[in-house]
Amino acid sequence: MRENPLVLHVLGARPNFVKAAPVVRALGELGVRQGIIHTGQHYDALMSDVFFADLGLPEPLANLGVGSGSHARQTAALLVGLEEVVLAQNPDLVVVYGDVNSTLAAILVCAKLGVPTAHVEAGLRSFDRGMPEEVNRIVTDSLSDLLFATSPDALSHLAAEGVPAGKVHLVGNPMIDSLFAALPSLDPAPVAERLGLTGRYAVATLHRPANVDSPEAAKELVDAVLEVSRLVPVVVPIHPRGRTRLAEAGLVDGPTVKVVDPLGYVDFLSLVRGAALVVTDSGGVQEETTMLGVPCLTVRPNTERPITVTHGTNRLVTPALLPAAAEKALADGAATPAGELPVLWDGEAGPRIARVIAAWLKGDNLSPASQGRRAE
Ligand code: UD1
Ligand code: UDP
């Protein structure tokens with residue numbers, strides 16, 4: 001390894017920023033030279049800049065400005081931009097996060113250039129290849145050199161796909177590190193007041209293609225959310241993907257529905273912390289509600305995060321079952337997690353990941369005891 005090796009983090013979409021912040025912070029504390037490459041997959045200030053501010057992320061070395069497009073167009077732009085920047089920066093390791101198109105493109109570019117990679121949030125599987133994210137997860141894990149798993153189920157998925165156990169480290173969940181770091185700042189009252197909420201409320205976030213891309217799916221979902229709003233006011237910080245389609249399906253501001261712009265990280269989690277109920281199709285929100293003890297109804301047929309059901313407050317529902325499930329969740333009151341909270345979701349995932357990376361950069365033989373738990 002070179003003197004003073006360089007680690008690059010490739011980030012592009014909202015959840016990437018939340019997962020990367022603790023890793024960047026912990027590597028900084030170990031004195032590792034590092035930089036962020038922002039692909040520009042998400043570019044609205046409320047989908048990007050606000051996260052850099054709220055999470056204390058350093059300015060990116062570069063923003064590739066790839067923007068939106070079909071999967072092929074966006075991924076092609078990502079490949080071209082990332083190849084140039086990786087060649088120019090000459091990193092010793094590239095770290096990628098989660099399952100978005102920026103993650104997939106960075107892994108492909110590095111694999112072809114022979115640049116080593118690490119994948120944070122490896123091994124999650126919904127077993128639904130109709131989800132673009134599932135395709136991204138499988139390819140990313142098959143090409144990564146270091147794989148950081150957030151939950152034990154990931155280890156068996158990776159083993160079943162033939163990933164050598166020596167590459168895999170069970171480290172916990174950096175998204176939960178970010179949540180823990182933000183906890184002292186999470187105050188529901190001012191955000192609820194700003195939105196004109198008095199008393200109980202629910203929060204809904206909806207952006208999965210299967211839910212918002214077709215008028216039929218959007219209508220079925222919106223009808224269900226409107227029924228929930230007869231039980232409790234619903235705030236919907238709207239992801240730009242679904243803005244038009246959901247509005248056309250009838251999700252518009254009214255006495256019991258508040259459709260607002262995406263919220264910044266601290267504002268959003270403040271609102272969730274004070275919510276009686278969350279309705280979502282987000283990956284990360286399933287995890288955050290589990291840790292905050294807020295009942296969560298996930299409108300999807302499956303989840304790559306089953307631990308939030310077995311060890312948390314999450315339940316999967318169809319749109320048709322959403323209103324009844326909401327009524328029950330509201331009647332049952334504050335949720336207690338279904339079992340023990342997920343192992344290693346303790347706010348220390350970032351430091352565990354950083355220790356593994358620092359040892360890897362030194363060429364050390366990684367010992368499971370000192371570096372998070374290696375899959376054996
Ligand atoms: C992406 C990820 C998804 C993740 C989500 C997090 C992929 C394949 N999908 O989905 O896994 O859950 O991010 O939020 O990578 N748009 C804007 N402003 C922005 C960004 C997007 O208006 O700043 C709009 C554009 O119309 C764009 C659409 O949202 O076409 C979708 O954006 P895109 O990044 O392709 O996918 P997401 O649905 O955001
Ligand atoms: N989030 C936010 N503001 C919002 C909605 C979500 O800050 O209006 C945060 C949320 O707390 C979580 C992350 O964004 O940390 C999840 O991103 P998203 O749901 O877009 O992606 P997914 O997790 O589904 O990939």
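**View 1. Who sits around ligand 1 in this predicted model.** There are 19 residues around ligand 1, and the ones that come nearest are His42, Asn101, Glu133, Arg208 and Arg241. Glu133 is worth zooming in on: an N or O atom in its side chain is 2.5 Å from an oxygen atom of the ligand. Histidine 239 also uses its side chain, with an N or O atom 2.9 Å from an oxygen atom of ligand 1. Tyrosine 43, on the other hand, gets there through its backbone, where an N or O atom lies 2.8 Å from a ligand oxygen. As for cover, ligand 1 on its own exposes 750 Å², and the protein buries 84% of that.

**View 2. The surroundings of ligand 2.** Here we have 18 surrounding residues, with Leu263, Ser282, Gly283, Gly284 and Glu288 the closest. Two glycines make backbone contacts: a backbone N or O atom of glycine 283 lies 2.8 Å from an oxygen atom of ligand 2, and a polar backbone atom of glycine 284 is also 2.8 Å from an oxygen atom of that ligand. Histidine 207 joins in from its side chain, with a polar atom 3.3 Å from a ligand oxygen. Taken by itself, ligand 2 has 530 Å² of accessible area, and the protein covers 97% of it.

**View 3. Strand 6 and its side chains.** Strand 6 spans residues 146–149, and its residues are all buried. Leu146 and Phe148 point one way, while Leu147 and Ala149 point the other. That fits the general pattern, because side chains in a regular strand alternate between the two faces of the sheet.

**View 4. Strand 6 and its neighbour strand 5.** Strand 5 (residues 117–122) runs parallel to strand 6, and four bridges join the two. One pairing to pick out is alanine 122 with its bridge partner, alanine 149 in strand 6. To get from strand 5 to strand 6, the chain passes through helix 5 (residues 132–143), making a right-handed β-α-β crossover.

**View 5. On to strand 7.** Strand 7 (residues 168–170) is parallel to strand 6 as well, joined to it by three bridges. Alanine 149 turns up again here, standing opposite leucine 170. With helix 6 (residues 152–160) in the middle, strands 6 and 7 form a β-α-β unit that is right-handed.

**View 6. The annotated domain.** An unreviewed UniProt entry lists residues 32–357 as "domain: UDP-N-acetylglucosamine 2-epimerase". Over that stretch the chain is 44% helix and 15% strand, and its end C-alpha atoms are 9 Å apart.

Conventions:
Residues numbered from 1 in each chain as written. Chains lettered and ligands numbered in written order. Predicted model: local features only at pLDDT ≥ 70, side-chain atom pairs only at ≥ 80, totals over all residues. Heavy atoms only, no water. Buried < 20%, exposed > 50% of the residue type's maximum accessible area, 1.4 Å probe, protein only. Pairing = 2+ DSSP bridges. Right-handed = clockwise from strand over helix to strand, strands pointing away. Near = heavy atom within 4 Å. Polar contact = N/O pair within 3.5 Å; in protein donor to acceptor, adjacent residues only side chain to side chain. Areas by Shrake-Rupley, 256 points an atom, 1.4 Å probe, with all protein chains shown as cover. UniProt positions renumbered as here; feature names shortened; annotations may be inferred.
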